[in-house]
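Dear colleague,

I am handing over the structure we spoke of, and I would be glad if you read the notes beneath it with the coordinates open beside you.

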Amino acid sequence: MNQISNRVQALAPSQTLAMSQKSAELKAQGIDVINLSVGEPDFSTPDHIKDAAKKAIDDNFTFYTPVPGYMSLRKAISQKLKEENGVEFAPEQIVVSGGAKQSLCNVVLSVINPGDEVVIPTPAWVSYVEMVNLAGGKSVEVRATIENDFKITPAQLEAALTERTRLIMFNSPCNPTGSVYTRNELQALVDVLARYPQVLVMSDEIYEHINFTGEFASMASFPEIADRVCLINGVSKAYAMTGWRIGFLAAPLWLARATSKLQSQYTSGASSIAQKAAEAAYTGSQECVGHMREAFERRRDLIVGLARTVPGWKVNVPQGAFYLFPEVSACLGKRYGDTVIETDSDLAMYLLQNAHVATVAGSAFCLPGYLRLSYATADEKIVEAIERIRVALEQLV
């Protein structure tokens with residue numbers, strides 16, 4: 001018997017993970033694939049964080065953890081938010097989960113009922129829409145393009161909000177575009193949201209520290225909406241801790257309690273060892289964060305310069321994260337032998353099979369006609385990847 005629930009059948013598979021898997025399969029065949037599809041720092045977790053995890057094992061932190069996380073970690077997060085972001089969240093308002101993805105999904109499942117509308121500025125991370133689908137909600141996409149650096153305007157936001165809107169899922173610095181909203185740009189959006197008190201604001205700030213503008217403003221720092229902002233963050237990107245699976249939400253107390261209740265029934269508390277490592281990340285030296293950010297900025301400059309020489313590509317300068325999101329529609333409709341490159345997904349597959357470079361189609365992020373390239377890899381691989389792409393595109397007619 002193969003009986004799959006309707007909710008699972010309705011979900012689309014993650015295209016980022018799918019491309020990474022296809023890349024791995026080609027590598028297993030001995031093919032030299034450069035993987036620009038994965039959103040993962042290529043750095044190792046800093047030693048002082050690994051040492052804290054080893055000590056946690058020796059100190060027997062090997063038992064079940066409290067559902068919302070160790071109080072010591074939640075206090076460290078609360079202090080970090082106060083000192084770095086200028087926002088006040090008590091430890092009781094913080095829930096630690098198995099990665100920021102779980103924190104995001106916890107919020108959506110806790111507040112969205114069937115038919116509720118969720119505003120999503122697009123392009124957006126692949127899982128946002130699917131999380132809303134899982135909850136039975138309706139995604140309302142607000143589209144931005146490369147012409148305005150992939151940032152939505154207050155007028156666009158106003159037009160998308162209705163009496164049925166329950167949540168907005170906001171992300172800056174943004175995956176997949178690397179766009180970073182300035183404080184003034186956020187203020188203009190906040191002025192709109194202030195007129196819709198029923199709308200919860202989810203602010204995904206996981207790329208906070210991979211930011212090349214010298215400024216970061218949290219949605220939770222605006223007093224007009226501070227009492228209805230749910231802040232999402234974690235250690236995966238800033239501290240190169242993707243495999244440790246620790247994220248958190250900081251939210252109004254009623255929502256923190258609801259998400260903790262939900263989490264208690266399907267995963268319980270996050271890993272004890274990983275939590276102690278995360279605590280060391282937040283309370284220890286932040287020098288490693290700066291070093292990685294400098295490397296990402298250098299790679300950003302490298303890939304932007306190279307990509308601007310690729311015929312048919314339109315490229316902006318991302319201000320954060322570690323992604324380039326070029327507009328590639330000029331490459332569509334072309335042929336390679338008997339194969340027509342009709343869509344951005346076709347183009348991504350063509351580049352994987354012929355250039356041996358893994359990318360992700362923009363349609364996965366709700367914006368067809370683009371590709372996402374991760375530059376979280378070595379400089380020489382970036383240079384080689386763009387050259388391979390150029391050669392492959394020159395073969396199209």
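What follows goes through two helix pairs, then a set of loop residues with their backbone geometry. Please keep in mind that this is a predicted model.

Helix packing

Two packed helices are described by the angle between their axes and the distance between the axes, and both pairs below are given in that form.

For helix α2 (residues 15-28) and helix α12 (residues 344-355), the axes come within 11 Å and cross at roughly 20°. Since angles under 35 degrees count as roughly parallel, α2 and α12 are therefore roughly parallel to each other, and their crossing is right-handed. On the α2 side the contact is made by Q15, M19, K22, S23 and L26, while α12 contributes S345, A348, M349 and L352. Sorted by class, this contact of α2 with α12 has 5 nonpolar, 3 polar and 1 charged residues.

K22 deserves a closer look within this pair. K22 sits in helix α2 and, leaving aside its neighbours within four places in sequence, is in contact with M349 and L352. Its relative accessibility is 34%, so K22 counts as partly exposed. As a reference for finding your way around the model, the C-alpha atoms of K22 and V235 are 27 Å apart in space, with the two positions 213 residues apart in sequence numbering.

The second pair is helix α5 (residues 100-111) with helix α9 (residues 253-266), which pack at an angle of about 105° with their axes 9 Å apart. That angle falls in the range of 65 to 115 degrees, which makes α5 roughly perpendicular to α9. Here Q102, N106, V107, L109, S110 and V111 in α5 meet W254, L255, A258, T259, L262, Q263 and Y266 in α9. By class, the contact of α5 with α9 has 8 nonpolar, 5 polar and no charged residues.

Loops and backbone geometry

Most residues other than glycine have a negative phi, and most peptide bonds are trans; the following places depart from that pattern and may be worth checking by eye.

Two peptide bonds leading into a proline are cis. The bond from T122 to P123 has omega near 10°, and P123 lies in the loop between β3 (117-122) and α6 (126-135). The bond from S172 to P173 has omega near -10°, with P173 placed in the loop between β5 (165-171) and α8 (183-193).

F150 is not a glycine, yet has a positive phi of about 60°. This residue is found in the loop between β4 (138-143) and α7 (154-160), and with a relative accessible area of 5%, F150 is buried. A321, likewise a residue other than glycine, has a positive phi near 55°; A321 belongs to the loop between α11 and β9 and, at 0% relative accessibility, counts as buried.

N316 lies in the loop between α11 (287-307) and β9 (323-324), and because its relative accessibility is 8%, N316 counts as buried. Its side chain is joined to that of D149 by a polar contact of 3.0 Å. Setting aside its neighbours within four places in sequence, N316 is in contact with I146, D149, F150, V304, R308 and L324, a list that includes the positive-phi residue F150 described above.

With best regards

Conventions
Residues numbered from 1 in each chain as written. Predicted model: local features only at pLDDT ≥ 70, side-chain atom pairs only at ≥ 80, totals over all residues. Heavy atoms only, no water. Axes fitted to C-alpha atoms, helices over the stretch in contact; angles between N-to-C directions. Helix = DSSP H or I, 4+ residues; strand = E, 2+ residues; numbered from the N terminus. Parallel < 35°, antiparallel > 145°, perpendicular 65-115°, else oblique. Left-handed = near helix turned anticlockwise from the far one by under 90°. Contact = heavy atoms within 4.5 Å. Nonpolar A, V, L, I, M, F, W, Y, C, P; charged D, E, K, R; others polar. Buried < 20%, exposed > 50% of the residue type's maximum accessible area, 1.4 Å probe, protein only. Polar contact = N/O pair within 3.5 Å; in protein donor to acceptor, adjacent residues only side chain to side chain.
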